[in-house]
Amino acid sequence: MGLDETWISLLLMVGTMMLVGGCRKLTRRQVHSRRLHPRTFLLELFATFQICACTNELRLLANVQPKPHVALTLTYVFTVLHGLTLTGSTCNPCGTLQQILDGGISVKQGGLKIGAQFAGAVLARIYMHRIWSMGIIKVHSEALAEGCCNPIQTTETQAFCIELLFSTVFQLTILQFEAVKPRLRVHLIALLITMLVYGGGNLTGAIFNPALAFSLHASCFHDKFWDYSLVYWMAPSLGSVLVAIVWGEILPLIF
């Protein structure tokens with residue numbers, strides 16, 4: 001990908017973030033409900049849409065030279081931007097599941113959020129495919145025609161263990177960072193995600209987010225549903241259960 005194409009791709013992601021920012025602001029102003037269910041659903045949908053849409057586009061920049069420095073830098077920068085612009089949203093079904101298990105939110109509210117997250121993931125995929133179909137840059141046409149770009153470059157067992165480990169580490173760290181000032185916490189979380197992507201991105205993509213995994217690799221779920229469900233849905237979900245046990249039952253006994 002040339003420099004001009006890279007800038008077009010970056011502008012597309014920034015434009016998407018601005019669009020989502022406008023939608024979230026409008027939702028807060030115009031959507032009023034005693035139980036806040038419509039507002040919660042829409043805010044979570046838009047937030048997940050932003051992350052999934054930007055990550056779909058960011059994935060195309062993985063081969064920009066020098067590798068992997070550019071891709072990792074962009075991962076860090078856009079993770080910081082997501083953290084600053086999507087305050088209050090989870091954007092990850094596993095994070096929502098962990099909140100349910102901890103009793104932070106009700107099952108009904110958690111189910112609403114998870115539904116919104118998958119809806120946002122699907123809409124993001126449709127949105128990006130519509131943009132890619134315009135053929136603005138060469139990599140868009142290539143991405144549209146590639147079908148299932150298999151991110152699993154190891155055995156299913158190892159991939160399951162990697163996504164389980166990364167999900168557990170990520171969610172435990174998020175809980176540990178709750179006492180940190182928000183502005184600093186955003187950078188610490190971005191650094192953690194960048195490190196995980198560097199450590200396992202070449203093996204599984206280091207996704208540890210079921211909604212994001214579906215948005216990125218929906219065609220792979222169609223071709224190898226059980227394998228991908230096990231690695232990208234079951235493994236991170238099991239990580240949420242482990243986090244709830246460790247954080248809620250084991251650590252209080254130790255400390």
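**Exercise 1: Thr48**

Find the helix that holds Thr48, decide whether Thr48 is buried or exposed, and list what it touches beyond its sequence neighbours.

*Solution.* Start with the address: Thr48 sits in helix H2, which covers residues 37-58. Keep in mind that we're looking at a predicted model here. Next, check the surface. The relative accessible area of Thr48 is 1%. Buried means under 20%, so Thr48 counts as buried. Last, look around: once neighbours within four places in sequence are set aside, Thr48 is in contact with Cys91, Gln117, Ala121 and Ala211.

**Exercise 2: H1 against H2**

Work out how helices H1 and H2 are oriented to each other, and name some residues where they meet.

*Solution.* Stay with H2 and bring in helix H1, residues 3-30. Their axes lie 10 Å apart, and the packing angle is about 180 degrees. Angles over 145 degrees count as roughly antiparallel, so that's the label for H1 and H2. Now for the residues: on the H1 side, those that meet H2 include Leu12, Met13, Thr16 and Val20. Among the H2 residues on the other side are Leu42, Phe46, Gln50 and Leu58.

**Exercise 3: Thr75**

Is Thr75 buried or exposed, and which residues does it touch?

*Solution.* First, place it: Thr75 belongs to helix H3, residues 69-85. Then take its relative accessible area, 13%. That makes Thr75 buried, because the cut-off is under 20%. Finally, skip residues up to four places away in sequence, and you get contacts with Leu58, Ile193, Thr194 and Val197. You've met Leu58 already, as one of the H2 residues that meet H1.

**Exercise 4: Gly199**

Say how open Gly199 is, and how far it is from Phe166 in sequence and in space.

*Solution.* Go to helix H8, residues 182-200, where you'll find Gly199. Its relative accessibility is 46%. Exposed would need over 50%, and buried under 20%, so Gly199 is partly exposed. Now count along the chain: Gly199 and Phe166 are 33 residues apart. In space, their C-alpha atoms are 9.7 Å apart.

**Exercise 5: A nonpolar patch**

Which residues form the nonpolar surface patch, and which helix gives the largest share?

*Solution.* List the members: Leu101, Leu238, Val241, Leu242, Ile245 and Ile250. Together they have about 440 Å² of accessible area. Then sort them by helix: H11, residues 225-254, supplies the largest share, with five residues. Try one member as a check. Leu242 lies in H11, and with a relative accessible area of 34% it is partly exposed.

Methods
Residues are numbered from 1 along each chain as its sequence is written. This is a predicted model: local features need pLDDT of at least 70, side-chain atom pairs count only at pLDDT 80 or more; totals for chains, interfaces and linings use all residues. Side-chain values use heavy atoms; hydrogens and water are left out. Helices (H or I, at least four residues) and strands (E, at least two) are DSSP runs, numbered from the N terminus. Buried means under 20% relative accessible area, exposed over 50%, partly exposed in between (1.4 Å probe, protein chains only). Contact means heavy atoms within 4.5 Å. Patches are made of residues with over 30% relative accessible area and no salt bridge: like charges are joined within 9 Å, nonpolar side chains (Val, Leu, Ile, Met, Phe, Trp, Tyr) within 5 Å. Accessible areas come from the Shrake-Rupley method with a 1.4 Å probe; for residues, only the protein chains shown count as cover. A salt bridge is a side-chain nitrogen of Lys or Arg within 4 Å of a carboxyl oxygen of Asp or Glu. Axes are lines fitted to C-alpha atoms, for helices over the stretch in contact, and angles run from 0 to 180 degrees between N-to-C directions. Angles under 35 degrees count as roughly parallel, over 145 as roughly antiparallel, 65 to 115 as roughly perpendicular and the rest as oblique.
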